[in-house]
Amino acid sequence: FFMDNKMNLNQFKWTREPKSFLVTSDKIEIITKPHTDLWQRTYYHFRNDNAPVFQIETEEKYFSFTVKTEFDSKRRFDQCGIVMYLDSENWLKASIEYENETFQHLGSVVTNNGYSDWATTEIPASVKSMWYRFSRREDDYCIECSHDGITFKQMRICHIWKGNGKIHFGIYACSPEDSSFKATFTNMEMTECRWLAHNGQQPDKE
């Protein structure tokens with residue numbers, strides 16, 4: 001299954017095709033459209049479900065997906081990163097969201113059964129590139145990030161209630177406000193699961 005780690009982009013499909021994009025054998029470019037986003041209900045009490053996502057499907061229960069993102073975001077909430085979009089009420093994403101000239105939010109959103117959460121940390125606005133690694137162990141998931149594609153740091157571990165069977169995962173980019181920017185995705189790989197089994201406290205017996 002993982003003999004050739006490089007991914008075949010012909011197997012990817014758009015959910016909501018962006019207005020402008022380029023897909024070659026080793027690169028994806030998306031020009032975001034204004035007023036596009038993914039969010040469900042929590043805190044803001046609104047629902048946004050119109051960001052373009054470019055995904056591949058798999059039933060593989062243990063794997064890792066890695067991608068490098070580069071972006072020239074410049075307006076509040078401009079974002080691009082990884083996504084696992086199952087349907088409008090069940091998905092996760094990880095990205096950097098631009099805030100202002102000083103800082104931006106490196107974070108992730110997990111949406112289960114129609115409610116989103118947002119976990120973030122502030123990083124300098126000067127960061128214009130980030131690697132992400134998305135790993136699956138059955139219906140549990142791990143999201144990591146890296147500045148160099150070599151050393152990855154955990155962002156979060158989560159459970160997706162509808163994430164146990166066939167899933168769709170890939171990349172996304174959007175601009176929730178009146179903005180547009182170019183996001184570039186390269187170095188996409190699917191490998192054996194880099195998120196190792198837990199070696200601490202034993203699981204509870206059923």
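Colleague: Let's start with strands: in which sense do strand S8 and strand S15 pair, and over how many bridges?

Modeller: Keep in mind that this is a predicted model. Strand S8 (residues 79–87) pairs with strand S15 (residues 167–174) in the antiparallel sense, over five bridges. To see one of them, click on Gly-81, whose bridge partner in S15 is Tyr-172.

Colleague: Which sheet do these belong to, and in what order do its strands come?

Modeller: They sit in an open sheet of seven strands, ordered S1-S6-S15-S8-S9-S10-S11, with antiparallel pairing. At the edges you'll find strand S1 (13–15) and S11, each pairing on one side only. From one strand to the next, the twist averages 25°.

Colleague: How many bridges join S10 to S11?

Modeller: There are 10 bridges, and the two strands run antiparallel. Together S10 and S11 form a hairpin with two residues between them. Look at Asn-113 in that turn: its phi is positive, at about 50°. Right beside it in the sequence, Asn-112 has Tyr-115 as its bridge partner in S11.

Colleague: Now the sheet with S2 in it. What is the strand order there?

Modeller: That one is also an open sheet of seven strands, and the order reads S2-S3-S16-S7-S12-S13-S14, again with antiparallel pairing. Strand S2 (20–23) and S14 are the edge strands; each has a single partner strand, so one side of each has no neighbour in the sheet. Ignoring direction, neighbouring strands here are turned by 20° against each other on average.

Colleague: Which strand does S3 join, and through how many bridges?

Modeller: Strand S3 (residues 27–31) is joined to strand S16 (residues 182–191) by five bridges, and the two run antiparallel. As an example, Ile-30 has Ala-183 as its bridge partner in S16.

Colleague: On to side chains. How many salt bridges does the structure hold?

Modeller: Nine. When you read one, check the N-to-O distance, then ask which elements the two residues come from. Take Lys-182 and Glu-29, whose closest N and O atoms are 3.9 Å apart. The cut-off for a salt bridge is 4 Å, so this pair still counts. Lys-182 lies in strand S16 and Glu-29 in strand S3, so the salt bridge ties together parts that are 153 residues apart in sequence.

Colleague: Are Lys-182 and Glu-29 buried or exposed?

Modeller: Lys-182 is partly exposed, with a relative accessible area of 35%. Glu-29 has 17% relative accessibility and counts as buried.

Colleague: What does Arg-156 form a salt bridge with?

Modeller: Its partner is Asp-117, with the closest N and O atoms 2.8 Å apart. Arg-156 is in strand S14 and Asp-117 in strand S11, so the pair ties together parts 39 residues apart in sequence. S14 belongs to the sheet that starts its order with S2, while S11 belongs to the one that starts with S1. As for exposure, Arg-156 counts as buried at 12% relative accessibility, whereas Asp-117 is partly exposed at 33%.

Colleague: And where do Glu-144 and Arg-133 lie?

Modeller: Their side chains meet in a salt bridge (2.8 Å, N to O). Glu-144 lies in strand S13 and Arg-133 in strand S12 (residues 129–137), so the pair ties together parts that are 11 residues apart in sequence. Both residues are buried. Salt bridges can also share partners: Lys-27, Glu-29 and Lys-182 are joined into one network that way.

Colleague: Last topic, pockets. How much space lies in the largest pocket?

Modeller: The general idea is that rolling a probe the size of a water molecule over the atoms shows where empty space is left. In this model, about 290 Å³ lies in the largest pocket. Its lining includes Tyr-62, Arg-137, Asp-140, Trp-195 and His-198. By type, the lining residues divide into five nonpolar, three polar and four charged.

Colleague: Which residues lie nearest the centre of the second largest pocket?

Modeller: Those are Leu-106, Thr-121, Cys-145, Lys-153 and Met-155, out of a lining of 16 residues. Strand S10 (103–112), strand S11 (115–124), strand S13 (140–146) and strand S14 (153–159) each give two or more residues to this lining. S11 gives the most, with four. The pocket holds about 250 Å³ of space, and its lining divides into six nonpolar, eight polar and two charged residues.

Key
Residues numbered from 1 in each chain as written. Predicted model: local features only at pLDDT ≥ 70, side-chain atom pairs only at ≥ 80, totals over all residues. Heavy atoms only, no water. 1 Å grid on protein atoms, 1.4 Å probe; cavity = no way out; pocket = protein on both sides within 12 Å on 5 of 7 lines; lining within 4 Å. Points joined across faces, edges and corners; volume = space filled by probe spheres on them. Nonpolar A, V, L, I, M, F, W, Y, C, P; charged D, E, K, R; others polar. Pairing = 2+ DSSP bridges. Axes fitted to C-alpha atoms, helices over the stretch in contact; angles between N-to-C directions. Buried < 20%, exposed > 50% of the residue type's maximum accessible area, 1.4 Å probe, protein only.
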